[in-house]
Amino acid sequence: MRFAVVQFPGSNCDQDCVHALQVLGQEARLVWHQETKIDPSEGVILPGGFSYGDYLRCGAIARFSPIMGAVKAAAERGQVVVGICNGFQILCEAGLLPGALTRNEGLHFRCETAHVRVETPASRFTSYYGTGEVLKIPIAHGEGCYRASPEILQELEAQQRVLFRYCNVEGQVVPEANPNGSSHNIAGICNAGRNVLGMMPHPERCCEAEMGGVDGRGILLGAAGVLKPI
Amino acid sequence: MKAVVTVTLKPSILDPQGEAVGHAIQAMGVKGLKSVRIGKHIELEIEGEEKGLRAKLEEISKELLSNPVMENFHLDVRAGG
């Protein structure tokens with residue numbers, strides 16, 4: 001599958017996403033935020049970084065970029081849209097995913113490897129994994145504390161739209177394993193149509209053994225619609 | 001005209017930044033401190049008195065300057081410079 005990786009001023013994981021997708025045998029092109037077209041056959045990646053210097057709020061200004069109209073249209077058509085880290089923040093600001101990402105509860109920027117538990121294989125992004133499987137994925141953020149109203153959180157849980165939760169090495173979802181104070185230990189969610197994923201951990205940073213792990217491969221391969229080899 | 005928009009975190013949203021500042025205030029000797037909440041103060045100066053400006057400012061406050069998921073805003077519009 002071909003992916004459009006959107007570059008906002010201040011994005012810094014765009015090249016990593018392109019590299020990881022190519023390593024996984026996918027096509028990827030960089031799309032400048034002032035462009036307005038995304039092909040109906042493409043997947044979309046909103047990469048990590050600090051779009052517009054995080055001015056006002058993370059993602060608050062990027063959501064008004066010209067390309068976002070095409071991203072919204074792609075999401076509505078059912079195309080795959082993945083927001084990683086700053087991309088997740090942008091998807092929330094744009095209203096493509098519910099809730100918001102606020103300052104980490106402990107105030108620190110957390111740059112480390114997190115354990116996340118796959119909550120359900122029932123999405124293309126998690127189809128490579130089993131329920132409860134523990135993945136090791138790098139995180140690097142200062143504003144990753146997921147917040148939403150109790151009604152929204154209930155809806156996300158009821159519809160099994162929480163795809164990833166921070167957990168300890170044994171896969172237990174406990175407060176000590178929560179790096180940023182996110183409600184319900186949420187690390188990643190999808191939309192009701194299950195074609196839009198937002199997650200704070202960086203799967204593109206763990207797709208090659210040389211990078212310390214390959215736990216992120218299934219997420220990107222699943223997004224690309226590559227069936228899991230039996 | 002001048003507009004002042006004050007953006008504050010909703011009461012239900014934890015403000016770790018405010019808490020950290022609160023600890024510093026306590027360290028400065030204030031014993032009865034109950035809470036510190038940090039917000040944003042945004043000033044806009046606009047020439048003339050366009051029709052429908054008030055509604056536009058409401059929209060700007062709601063859509064751009066604040067995020068209704070986690071923040072409230074207060075818009076104060078004053079005539080003149």
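In which loop of chain A is the place of A:Leu107? Keep that question in mind while you work through this predicted model, which scores ipTM 0.75 and pTM 0.91.

**Chain A as a whole**

Begin by selecting chain A and colouring it by secondary structure, which should bring up 5 helices and 11 strands. The radius of gyration of chain A is 16 Å, close to the 17 Å that the globule rule gives for 230 residues, so chain A is as compact as a globular protein of that length. If you turn the C-alpha trace of chain A along its principal axes, it spans about 45 × 45 × 35 Å. Buried residues make up 54% of the chain, and of the contacts in chain A with a separation of 6 or more, 74% are between residues 24 or more positions apart.

**Helix α2 and the core**

Next, select residues 67-76 of chain A, which form helix α2, and show their side chains; this helix gives the most to the largest nonpolar core, with 6 residues. The buried residues of α2(A) are A:Ile67, A:Met68, A:Ala70, A:Val71, A:Ala74 and A:Ala75. Looking down the axis of α2(A), you will find that these buried residues fall within an arc of 155 degrees, and therefore they line one face of the helix. To see what covers them, add the strands of chain A, including β1 (2-7), β2 (27-32), β3 (43-46), β4 (81-84) and β11 (196-199).

Now widen the selection to the core itself, which holds 75 residues, and mark A:Val5, A:Val6, A:Val44, A:Val71, A:Val81 and A:Leu91, the members that touch the most others. A:Leu91 is a useful one to centre on: leaving aside residues up to four places away in sequence, A:Leu91 touches A:Leu46, A:Gly83, A:Leu96, A:Leu97, A:Val196 and A:Gly198.

**Backbone turns to inspect**

Just after α2(A), select A:Gly78, where phi is positive at about 95 degrees. Most residues other than glycine have a negative phi, and the next two stops should be viewed with that in mind. A:Asp54, in the loop between β3 and α2 of chain A, has a positive phi of about 60 degrees although it is not a glycine. A:Asp54 is partly exposed, with 18 other C-beta atoms within 10 Å.

The opening question can now be settled by selecting A:Leu107, which lies in the loop between β5 (100-102) and β6 (110-118) of chain A. A:Leu107 is likewise not a glycine, yet has a positive phi of about 70 degrees; with 13 other C-beta atoms within 10 Å, A:Leu107 is partly exposed.

**Chain B**

Hide chain A and select chain B, whose mean pLDDT is 91, with 98% of its residues reaching 70 or more. Its secondary structure comes to 2 helices and 3 strands, which follow the pattern β-α-β-α-β when read along the sequence. Chain B has a radius of gyration of 16 Å, whereas a compact globule of 81 residues would have one near 12 Å, and its C-alpha trace spans about 50 × 30 × 15 Å along the principal axes. Buried residues make up 11% of chain B, while 63% of its contacts between residues at least 6 apart in sequence join residues at least 24 apart.

**Where the chains meet**

Finally, show both chains again and select their contact, which takes 12 residues from chain A and 9 residues from chain B. Coloured by class, the side of chain A that touches chain B has 4 nonpolar, 3 polar and 5 charged residues.

Terms used:
Residues are numbered from 1 along each chain as its sequence is written. Chains are lettered from A and ligands numbered from 1 in the order in which they are written. This is a predicted model: local features need pLDDT of at least 70, side-chain atom pairs count only at pLDDT 80 or more; totals for chains, interfaces and linings use all residues. Two residues are in contact if their C-beta atoms, placed from the backbone, lie within 7 Å. Ala, Val, Leu, Ile, Met, Phe, Trp, Tyr, Cys and Pro count as nonpolar, Asp, Glu, Lys and Arg as charged, and the others, Gly among them, as polar. A nonpolar core is a set of buried Ala, Val, Leu, Ile, Met, Phe, Trp, Tyr and Cys residues joined through C-beta atoms within 7 Å. A residue is buried if 20 or more other C-beta atoms lie within 10 Å of its own, exposed if 12 or fewer, and partly exposed in between; C-beta atoms are placed from the backbone. Helices (H or I, at least four residues) and strands (E, at least two) are DSSP runs, numbered from the N terminus. The arc is that of the directions from the helix axis to the C-beta atoms. pLDDT is the predictor's confidence in each residue, from 0 to 100. The radius of gyration is taken over C-alpha atoms; the globule rule is 2.2 Å times the number of residues to the power 0.38.
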